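Colleague: I am new to this structure and would like a close look at one part of it. Please take the middle chain of your choice and explain, step by step, how its contacts are described.

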Amino acid sequence: YKPARTFEEVISRIVTHRLSTCSGGSSTICPDYLYDHILAAFMGNELECGHTMAMAVREDARAIIRRDPACETLLEAVLFMKGFLSLVLHRAARRAWKPDGAGGGASGSRFLALLLQSQASSAFGVDIHPAASIGCGVMFDHATGVVIGETATVGDNTTILHGVTLGGTGKENGDRHPKIGRDVLIGAGTKILGNITVGDRAKIGALSVVLRPIPGGATAVGSPARIIGFVPKE
Amino acid sequence: YKPARTFEEVISRIVTHRLSTCSGGSSTICPDYLYDHILAAFMGNELECGHTMAMAVREDARAIIRRDPACETLLEAVLFMKGFLSLVLHRAARRAWKPDGAGGGASGSRFLALLLQSQASSAFGVDIHPAASIGCGVMFDHATGVVIGETATVGDNTTILHGVTLGGTGKENGDRHPKIGRDVLIGAGTKILGNITVGDRAKIGALSVVLRPIPGGATAVGSPARIIGFVPKE
Amino acid sequence: YKPARTFEEVISRIVTHRLSTCSGGSSTICPDYLYDHILAAFMGNELECGHTMAMAVREDARAIIRRDPACETLLEAVLFMKGFLSLVLHRAARRAWKPDGAGGGASGSRFLALLLQSQASSAFGVDIHPAASIGCGVMFDHATGVVIGETATVGDNTTILHGVTLGGTGKENGDRHPKIGRDVLIGAGTKILGNITVGDRAKIGALSVVLRPIPGGATAVGSPARIIGFVPKE
């Protein structure tokens, strides 16, 4: 390996290493190729929810330090948190993804995006479709079992616990997944299904089933989820 | 590697590769041995729910194309869907498994079946007992966290979302797991527990807890699950 | 490899092998170093809930034989059960962990503990903070998706199904996780949140959300969990 000198190089190296040894190896995909693609996405100008990948990943790392009481240093966040590593992979996959009609099809780029999604699902148990749009400063706490569908969006500074699904109802095609606002907190195991909106600063309790829109600032719990209060506006 | 020329050889190679690099490596089990066993099971005549493995895996792949709106080609289904790969491993494990009293015990064959189950659980987060019987055209969508017990059965063309458990109540021994019909849809995170029947074409909502039989065509939701309607008979 | 002659050497070798091939490889951490650390923890006198690691792991293995109807031999328990292997890793991580103010910080020992936690989370989908205290004879059945927080405790002979979280409410810092008694059974997918007590011999049904203390011997189900009965005192 050549020495990593920048934040982007260090993170690309960590992610490549975890995938190369854990779920793929040199015969599925050359680690150097994987590293080069992740780093190129990292250094590129393509925006996701208004942020470059370099900006978004920095905010993702800061979010862990601020919000996870069990995490003390930036180094442990980027080395050990599989939610963080999964999000780096998603951000690289999204830059490889080409939407339908834009020359995607079975191109190498589309398959690279699907490979990154699949490897993150094997290695970390986090399955995010490459076309999903995720803001910056997002934390997947513990992360195992998170599923985020193709047409879902997640706003800045939202926290998503393990086992959360942003999925479809199975009755719709096309734009069929949730739109989550900023500063939202989604509790462990919760399923939010269908093309519905969860407003900014909403809090959804653990193991809720959300099938209707939740307004900003609301606290919702249960199956089906009902609103039990509102946080005071700031 | 020798070149793979048939559907069976390609799928056996993909699965072997994912396990050999991800969860086992050459020192746990020789990849060539693993490949040979999977391919032999694939080419064999042993039936599971009335289908050979070659027939069942073809239908499993077709089911993904038909039912997953995010999947466009057969190639991405068989390369990237860990639910599909887990089911191939289960079908091979089931052919290695010998029931009690049939010369199983701690034979190499029994341990091979348990190894395949364990490796699928590590590599894909899908834990299916080798003795479970699963029909053809079955799709595990996203797949993380699926658990299927020893005496469970799943009918043809059933769709099971991630996080679903077909488990025991902990109070019974022997035949203690659910019997799921054909064309059933089981939503994300749902737990179906005990030796109960879920009839053909039933739909079970996300995060349900099913402890009593569900008749064919019923839609059931909640914890404990209650029936909220029936699909019209075809 | 040098031949493994004792129970401790065999288990350390199995765990090292699973991590070395699955999630780490020789360039993250030298397998010999990993093996040496796990074995040293295994042979040490440090107590967790009153038991040395050697005592606790023996009881963990016996618990699987006694309580899992699908497991027939000790060998299959220690080779194939990722819940067992995760618990070995936790017990080694806990011996590496140094609490705040005890010379921990970013020491090699603290990072080794976090590495073991992170690797268990990648390889087995089981995320246990190294500081958590877990009694002996504990079984994680199926294990995928289990999350246990920093200040949680689990009593002897307790059984925890897959998808269970012993987590925080997100509103507290410091001592913020559940205290689970002895001989407790926690059903699949259940979330127990906050610094609350679950008494000895309690049974919690699948997909429950437990936010208040549960007395010893109680059976509780639902979201939020309500008590539906008591087991007779022995």
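Modeller: What follows is an account of chain B, its contacts with chain A and chain C, and some details of the folds.

This is a predicted model, in which local features need pLDDT of at least 70 and side-chain atom pairs count only at pLDDT 80 or more, while totals for chains, interfaces and linings use all residues. Residues are numbered from 1 along each chain as its sequence is written, chains are lettered from A and ligands numbered from 1 in the order in which they are written, and side-chain values use heavy atoms, with hydrogens and water left out.

I begin with the interface to chain A. Here 22 residues of chain B and 31 residues of chain A are in contact, where contact means heavy atoms within 4.5 Å. The size of an interface is often given as the accessible area lost when the parts come together. Between chain B and chain A the buried area is about 2100 Å², and carbon and sulfur atoms give 56% of that; buried area is the accessible area (1.4 Å probe) that two parts lose on being put together, summed over both. Two salt bridges are counted between chain B and chain A, a salt bridge being a side-chain nitrogen of Lys or Arg within 4 Å of a carboxyl oxygen of Asp or Glu. A salt bridge joins the side chains of E72(B) and R110(A), at 3.6 Å from N to O. The rule for polar contacts finds five residue pairs across this interface of chain B and chain A, both residues at pLDDT 80 or more; a polar contact is a pair of N or O atoms within 3.5 Å, where within protein one must be able to donate a hydrogen and the other to accept it, and residues adjacent in sequence count only if both atoms are side-chain atoms. On the side of chain B that touches chain A, the elements giving two or more residues are α1 (7-22), α5 (74-80) and α7 (108-124) of chain B; helices (H or I, at least four residues) and strands (E, at least two) are DSSP runs, numbered from the N terminus. By class, that side of chain B has 11 nonpolar, seven polar and four charged residues, where Ala, Val, Leu, Ile, Met, Phe, Trp, Tyr, Cys and Pro count as nonpolar, Asp, Glu, Lys and Arg as charged, and the others, Gly among them, as polar.

Next comes the interface to chain C. The contact takes 31 residues from chain B and 22 residues from chain C, and the area buried between them is about 2200 Å², with 56% given by carbon and sulfur atoms. Within chain B, the residues that lose the most area to chain C are F111(B), S122(B) and K191(B), together 21% of what that side buries. Between chain B and chain C the count is two salt bridges, and the side chains of R110(B) and E72(C) meet in a salt bridge of 3.6 Å, N to O. Five residue pairs are in polar contact across the interface of chain B and chain C, both at pLDDT 80 or more. The elements that give two or more residues to the side of chain B that touches chain C are α1, α2 (25-28), α7 and β10 (191-193) of chain B, and α7(B) gives the most, with eight residues. The residues of that side divide into eight nonpolar, 17 polar and six charged.

Inside chain B, helix α3 (residues 31-43) and helix α6 (residues 82-96) pack at an angle of about 85 degrees, with their axes 9 Å apart; axes are lines fitted to C-alpha atoms, for helices over the stretch in contact, and angles run from 0 to 180 degrees between N-to-C directions. The helices α3(B) and α6(B) are therefore roughly perpendicular to each other, the term used for angles of 65 to 115 degrees. In this packing H37(B), I38(B) and A41(B) of α3(B) meet V88(B), L89(B), A92(B), R95(B) and A96(B) of α6(B), and the residues of the contact divide into six nonpolar, one polar and one charged.

Two backbone details of chain B remain. The peptide bond from S223(B) to P224(B) is cis, with omega near -5 degrees, and P224(B) is placed in the loop between β14 (218-221) and β15 (226-230) of chain B. R201(B), although not a glycine, has a positive phi of about 60 degrees, and R201(B) lies in the loop between β11 (197-198) and β12 (203-204) of chain B.

How values were computed
Angles under 35 degrees count as roughly parallel, over 145 as roughly antiparallel, 65 to 115 as roughly perpendicular and the rest as oblique.
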